[in-house]
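Trainee: I've got a model open and would like to talk it through with you. Can we start with the terms and then go round the fold?

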Amino acid sequence: MLVVEDEAKLASLLQQGLASRGMGVDVARTGDEAVIRATATDYDLILLDVMLPGRDGIDVCRQLRAHEVWSPTLMLTALDDVESRVRGLDSGADDYLAKPFSFEELLARMRALTRRGGPPRPTLLTVRDLRLDPASRRVWRGGAELALTPREFALLEVFMRHPGQVLSRFELLEHVWDHSYENRSNVIDVYVGYLREKLDRASIETVRGAGYRLRA
Ligand code: CA
């Protein structure tokens with residue numbers, strides 16, 4: 001996902017908080033940077049502050065929609081700024097959240113938005129004997145709950161949203177790791193290995209030259 005926020009302290013709090021939940025987070029500090037990043041990468045979600053130096057959040061949103069970037073966008077506005085909220089929604093934002101907000105409310109809004117976008121997604125993902133609850137970050141195999149790290153959980157969630165589909169290493173990286181992660185060569189292979197140990201070895205197939213597939 002992409003966080004667009006010029007206030008360094010809030011940006012870093014958001015990045016740390018979201019990363020600790022296993023999300024790959026890129027940060028843009030200006031509107032121009034946001035447009036460049038969001039047109040280059042198909043983000044699952046964009047968290048967009050309205051008050052930015054130069055090009056503001058409303059203008060960013062309008063630009064993105066004009067470029068046919070349809071990533072679900074949650075706009076951050078000042079508490080009493082009704083006009084920005086209205087203009088934000090008119091510019092193509094999907095929802096807004098007034099500052100200051102609690103982290104839990106932010107997560108709830110993000111879940112609601114990612115459920116709303118694209119094909120309808122069930123709140124509980126089920127593939128064979130695996131069940132995964134994105135809201136509570138819990139996963140079960142049969143009746144037994146599995147203990148996964150945030151990265152393992154995020155990787156499994158991507159697989160479970162695309163059961164039976166071959167996902168390339170690049171696609172998996174894009175969803176789970178952020179752009180600052182440079183050592184891309186084998187990180188996915190390593191984490192797929194961890195997941196296989198915790199699920200079972202046959203659960204994730206290697207598709208030579210293409211990537212990985214969760215058995216449906
Ligand atoms: Ca700001």
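Mentor: Sure, and one term up front: Ala, Val, Leu, Ile, Met, Phe, Trp, Tyr, Cys and Pro count as nonpolar, Asp, Glu, Lys and Arg as charged, and the others as polar. Keep in mind that this is a predicted model.

Trainee: Then let's use that on the second largest cavity: how do the residues of its lining divide into nonpolar, polar and charged?

Mentor: The search of the whole structure turns up two cavities of 30 Å³ or more, and the second largest has a volume of about 40 Å³. Its lining is made of Met1, Asp42, Tyr43, Asp44, Glu174 and His175. By the classes above, Met and Tyr count as nonpolar, Asp and Glu as charged, and His falls among the others, as polar. So the lining divides into two nonpolar, one polar and three charged.

Trainee: Now the metal. Which residues coordinate the calcium ion?

Mentor: In sequence the donors follow the spacing D-x42-D-x1-M. The two aspartates give OD atoms and the methionine gives its O, at 2.1 to 2.3 Å. The residues are Asp6, Asp49 and Met51.

Trainee: How many residues apart in sequence are the parts that Asp6 and Met51 tie together?

Mentor: Asp6 sits in the loop between strand S1 (2-4) and helix H1 (8-20), while Met51 is in the loop between strand S3 (46-49) and helix H3 (57-66). Because the two residues lie in those separate loops, the pair ties together parts that are 45 residues apart in sequence.

Trainee: Of that pair, is Met51 buried or exposed?

Mentor: Asp6 has a relative accessible area of 29%, and that makes Asp6 partly exposed. For Met51 the value is 61%, and the cut-off for exposed is over 50%. That puts Met51 down as exposed.

Trainee: Let's move to S3. Which residues point the other way from Ile46 and Leu48?

Mentor: In a regular strand the side chains alternate between the two faces of the sheet. Ile46 and Leu48 point one way from S3, and all the residues named for the two sides are buried. On the other side are Leu47 and Asp49.

Trainee: And in S4, what is the bridge partner of Asp49?

Mentor: S3 has parallel pairings to work through here: three bridges join S1 to S3, where Val4 has Leu48 as its partner. S3 also pairs in the parallel sense with strand S4 (residues 73-78), over four bridges. Together S3, H3 and S4 make a right-handed β-α-β unit. In S4, the partner of Asp49 is Leu76.

Trainee: Time for backbone oddities. Which peptide bond is cis, with omega near -5°?

Mentor: Most residues other than glycine have a negative phi, and most peptide bonds are trans. The place to look is the loop between strand S5 (95-99) and helix H5 (103-116), where Pro100 is found. The cis bond runs from Lys99 to Pro100.

Trainee: Where does Glu68 lie?

Mentor: Glu68 is another one to check, with a positive phi near 60° in a residue other than glycine. At 59% relative accessibility, Glu68 counts as exposed. Its place is the loop between H3 and S4.

Trainee: In the hairpin of S6 and S7, which residue takes a positive phi near 50°?

Mentor: S6 and S7 run antiparallel and are joined by three bridges, with Leu125 partnered by Leu132 in S7. The hairpin has two residues between the strands. At 35% relative accessibility, the residue with the positive phi counts as partly exposed. That residue is Arg128.

Trainee: What about the hairpin of S7 and S8: which residue has a positive phi near 60° there?

Mentor: S7 and strand S8 (residues 138-141) run antiparallel, with four bridges. Asp133 has Arg138 as its partner in S8. This hairpin has four residues between the strands, and the positive phi belongs to Arg137.

Trainee: Last one: how far apart in space are Phe103 and Leu18, C-alpha to C-alpha?

Mentor: Phe103 is in helix H5, and with a relative accessible area of 29% Phe103 is partly exposed. The two are 85 residues apart in sequence. In space, C-alpha to C-alpha, they are separated by 9.3 Å.

Note on methods: Residues are numbered from 1 along each chain as its sequence is written. This is a predicted model: local features need pLDDT of at least 70, side-chain atom pairs count only at pLDDT 80 or more; totals for chains, interfaces and linings use all residues. Side-chain values use heavy atoms; hydrogens and water are left out. Donors are N, O and S atoms within 2.8 Å of the metal (3.2 Å for Na, K and Ca); water is not among the atoms, so sites may look incomplete. Buried means under 20% relative accessible area, exposed over 50%, partly exposed in between (1.4 Å probe, protein chains only). On a 1 Å grid over the protein atoms alone, a cavity is a set of points where a 1.4 Å probe fits but cannot get out, and a pocket is an open set with protein on both sides within 12 Å along at least five of seven lines; lining residues have an atom within 4 Å of a point. Grid points are joined across faces, edges and corners, and a volume is the space filled by probe spheres set on the points. Two strands pair if DSSP finds at least two bridges between them. A crossover is right-handed if, with the strands pointing away from the viewer, the path from the first strand over the helix to the second runs clockwise.
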